[in-house]
Amino acid sequence: MKGIILCLESDLPWIRETFEVHPLLLPICNKPYLEYLLDLFVLLGVKSIRVLTDEPDTMVEDYFGKGDRWGVAISYSAIKKQDSLALVLKKNESFCRDSDIVICEGGDFFSYNKSDQYTNLLKQEEGRAFQVGEDEGRLVFLPCGCAAELPHSFPVKVNSGIGTVSLRSIKEYFNLCQSILGKHSEKYVLPGYNNESDVYLGHNVEITKTVRINKPVMIGNNVALKPGSVIGPDVIIGSNVMIDGGTTLENSIVHDRTYIGRELEIKDKIVSKNRLIDPQDGTTVNFEDAFIFSKMTSGSFSLVLRRLVHWLVSWPIVLLQILPFLLFSGLLKAGGKKIIKARNILLSSEGLVAKLPIGVASGKNNTSLLEKMFYALSLDKFPLLFAVLAGKLSLIGNRILEDNETNRKLLCDFRAYTPGVFSYSESEPAISEGYEVLIAERFFSGNTSMFTDAKILFKCLINRLTDQ
Amino acid sequence: MKLLFTQHEKYCEASLSGQLDAGNVADLNKEFAENLHSTALFIFDLRKLDFIDSSGLGGIISCLKKAVEKEGDIKFVGLTAKVKMVFEVTKAYKIFDIFESVDAARASITDNGEEK
């Protein structure tokens, strides 16, 4: 079976107006709306999905890619908002050919249970087309060959196990999120670690001793809860959020990349960056006072400064290494050793790739004295320094990942990936490989500073010299 | 922002309309200080105040402090939805006396202009 997801921004205009995101990326319990649809389609047995929208957004495609994470193939296309269902199917004829089709239309949220079976829904109707839900938000099931003549409405199947929940207003959105968190969390695949019922925690969550958490709560990744804050009950916090000291949050939603200031009291609200919203009536207040609410930035100024410092520090290393590199590499090449190999390297979590020269001599299994000295002097890093000078790499960063399917999947969950010539996990001899490296790299990304960078560089160079 | 201070016998009514922010809070402080010579009891009618930021809130708290120092008080009337949200989030509602109507605020002040 194949699936089509029709999502018109014009059906859900309040989402873009309020949160400045495409409806498909609307966070529902820290998971984009489209991801719930994908989960449902997987339960229906769909292998290939086409996402159609009237306002294509590259951020949707960047996030979901080709669907590898869900084991489906996702493709994207645009439609006009006035296109009828029949016209949509005609325009996507090649996709729909020779297959049963399920179409998600209208922009409602579909409730389901991840433990239930839905693969036989079409078979139960013995080849007849039907829909689940009303015309405003429905799943239309079309057996193969049915696309030719389409009525406006189809017989409604009851007792399918799939329900519809309206998402037409911010109030409905808020109630849906709280309902999933409070009552229906076990029905869906929700992000975060869930050792304790009704508590979902992402990674790199800083919870100081005096923070009180009242469940149910859901907290995303890279969240800092400062001393004295009280979180919950019924609170959903997105990723890259800081809740400053003494602030209380109750029955509220905090979206990604939001800073909430000290000694505030937030109840029955949605906070999205610098915007405070009352979901009951839609009243919105934009705060210009950054110490109350603001958008968490990636520290763009400190990032630029850090890159500049790396660039400056790279020059003396280049000057110190150039002669030894020429000498050793010449001798090794003369001995028939290959020391540099160009490889495709991932430069960011968005999939930016560059071909860079990577030193082959890794320090392991080096047999000759020449190779050992080449490695001890970190001369295998020398070619990469030019990438630092060109602004493509950091001097200190995450361990460089080669461009392959496995690493790309890894980076879906590691948005802060910043590759560097020298890495944190490299500076710690106790960290060998596998999960230890993954955890160490994430820790570094969340705790980086100029001082840490200097320590890492020093340790990497010394470790090499002392052969650790 | 429009400011209108109206002196009554023993108290002063101030009507604020528009937005109270960093740009005009000094005007509020100045006019308040002038009226403080006559009385330390005020009613701030905020029914037409559309927006207030932290500077505006700080200005109001400053006015309250000055009134209290002179053994007076400020009663607040008619918060709009946005102003109410700001007051709730910053916990300002805990330190202000807020009334739904001007009459209710007046009623909280006795005939001889002293607080009940």
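## A salt-bridge tour of chains A and B

Start in chain B of this predicted model and select Asp73(B) and Lys75(B): they form a salt bridge, with their closest N and O atoms 3.3 Å apart. Both Asp73(B) and Lys75(B) are buried.

Stay with chain B and pick Glu88(B), then add Lys269(A) from the other chain. Here a salt bridge joins Glu88(B) to Lys269(A), the closest N and O atoms being 3.4 Å apart. The interface of chain A and chain B has 3 salt bridges, and the count of residue pairs in polar contact between the two chains is 6.

Next, colour strands E22 (265-267), E24 (275-277) and E25 (284-286) of chain A; each supplies at least two residues of the side that touches chain B. The largest share, 3 residues, comes from E25(A). By type, that side of chain A divides into 9 nonpolar, 4 polar and 5 charged residues.

Now show the whole interface: 18 residues of chain A are in contact with 13 residues of chain B. The area buried between them is about 1200 Å², and carbon and sulfur atoms give 64% of that.

Moving within chain A, select Asp83(A) and Lys91(A), a salt bridge at 2.7 Å between the closest N and O atoms. Asp83(A) counts as buried because its relative accessibility is 14%, under the 20% cut-off, whereas Lys91(A), at 46%, is partly exposed.

Then go to Glu206(A) in strand E12 and Lys226(A) in the loop between strands E15 and E16, 20 residues apart. Their side chains meet in a salt bridge of 3.1 Å, N to O.

Finish with Asp380(A), Lys381(A), Glu426(A) and Arg464(A), which are linked in a network of salt bridges.

Definitions and conventions
Residues numbered from 1 in each chain as written. Chains lettered and ligands numbered in written order. Predicted model: local features only at pLDDT ≥ 70, side-chain atom pairs only at ≥ 80, totals over all residues. Heavy atoms only, no water. Contact = heavy atoms within 4.5 Å. Buried area = accessible area lost by both parts, 1.4 Å probe. Salt bridge = Lys/Arg side-chain N within 4 Å of Asp/Glu carboxyl O. Polar contact = N/O pair within 3.5 Å; in protein donor to acceptor, adjacent residues only side chain to side chain. Helix = DSSP H or I, 4+ residues; strand = E, 2+ residues; numbered from the N terminus. Nonpolar A, V, L, I, M, F, W, Y, C, P; charged D, E, K, R; others polar. Buried < 20%, exposed > 50% of the residue type's maximum accessible area, 1.4 Å probe, protein only.
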